[in-house]
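Welcome! Have the sequence and the 3D view ready, and try each exercise before reading its solution.

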Amino acid sequence: MSQAWMVRAGEGGLAIDGFSRGFVAIGWREMGDLSSAATREAIRDLYLQTYPGAKAGTAGGAISMIFNFRRVMRAGDKVVSYNPQNREYLVGTIVGDYFYDPSQIPHYPNLRKATWEGHVDRDRLPVSSRNSLARPPTVFALNDEV
C-alpha cells in the first residue's frame with residue numbers, strides 16, 4: 001500500500017519551479033550525496049559530522065526527514081507540495097528512487113522524480129486538511145483524511 005507525503009518546496013516556495021519540472025527535493029546540500037547513507041544511523045552520523053553544533057531536537061527532526069526522503073519514500077507513493085504564489089497544492093506520484101544532482105534545483109540537490117497529476121486550490125480544502133498540511137516539517141507522511 002502506498003503512502004502519501006508532503007514535501008515542501010523550500011522557504012516561500014523557492015524550489016517550486018524545479019518541482020514543477022518533475023521533481024521533489026530537499027536541501028541539506030552540505031551533507032553531499034546521500035546515496036551511501038542507506039540507514040538511519042548512517043544519516044545520523046553524516047548529519048552530526050556535517051552539523052556538529054546542532055541541537056538535539058533540531059538534529060532529530062532533520063535526521064527523520066532526511067531518512068524518510070532518502071529511504072522510506074517509494075516509487076508509487078503519492079506526494080503533495082505547496083505553491084504559495086498560487087495558493088495551491090501540487091498533487092502527484094513519486095516515480096523514481098533517490099538521487100543526488102546539484103544542477104537540477106539550486107540549493108536542493110537531493111531529489112526524486114515525481115509526476116504531477118494536478119493541483120488543488122488551498123481554499124477548496126476542508127479546514128482540517130489545510131491545518132494538517134500547514135505543519136512545519138519539510139517532509140512528513142500525510143494521514144488518510146488529507
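Below are four short exercises, each with a worked solution.

This is a predicted model, in which local features need pLDDT of at least 70 and side-chain atom pairs count only at pLDDT 80 or more, while totals for chains, interfaces and linings use all residues. Residues are numbered from 1 along each chain as its sequence is written, and side-chain values use heavy atoms, with hydrogens and water left out.

**Exercise 1.** Find the salt-bridge partner of K78, and say which strands the two residues belong to.

*Solution.*
Step 1: Start with the rule: a salt bridge is a side-chain nitrogen of Lys or Arg within 4 Å of a carboxyl oxygen of Asp or Glu. Side chains of opposite charge can pair when their charged atoms come close. The rule gives a count of 4 salt bridges here.
Step 2: Look around K78, and you will find E117, with N and O 3.5 Å apart.
Step 3: Place both residues, using helices (H or I, at least four residues) and strands (E, at least two) as DSSP runs numbered from the N terminus. K78 is in strand β3 (residues 78–83) and E117 is in strand β6 (residues 110–121), so this pair links distant parts of the chain, 39 residues apart.
Step 4: Check the surface, where buried means under 20% relative accessible area, exposed over 50%, and partly exposed in between (1.4 Å probe, protein chains only). K78 is partly exposed because its relative accessibility is 37%.

**Exercise 2.** Work out which residues are linked with D123 in a network of salt bridges.

*Solution.*
Step 1: Begin with R87, whose closest N and O atoms to D123 are 2.8 Å apart. R87 sits in the loop between β3 and β4 (88–94), and D123 in the loop between β6 and α4 (127–133), 36 residues apart.
Step 2: Turn to R122, which also forms a salt bridge with D123, here at 3.3 Å.
Step 3: Put these together: R87, R122 and D123 form a network of salt bridges.
Step 4: Compare each value with the cut-offs. R87 has 39% relative accessible area, D123 has 43% and R122 has 23%, so each of them counts as partly exposed.

**Exercise 3.** Describe how the rings of Y47 and Y51 are arranged, then do likewise for Y82 and Y89.

*Solution.*
Step 1: Rings of Phe, Tyr and Trp (its six-membered ring) pair if their centres lie within 6.5 Å; planes under 30 degrees apart are stacked, over 60 edge-to-face and the rest tilted. The structure holds 3 aromatic pairs.
Step 2: The ring centres of Y47 and Y51 are 4.8 Å apart with planes at 45 degrees, so this pair is tilted. Y47 is buried at 5% relative accessibility, while Y51 is partly exposed at 21%.
Step 3: For Y82 and Y89, the centres are 4.7 Å apart and the planes again at 45 degrees, so this pair is tilted too. Y82 is buried at 18%, and Y89 is buried at 4%.

**Exercise 4.** Which residues that are not glycine have a positive phi of about 55 degrees?

*Solution.*
Step 1: One of them is W28, found in the loop between β2 (23–26) and α2 (40–50). W28 is buried because its relative accessible area is 19%.
Step 2: Another is R87, which you met in the loop between β3 and β4.
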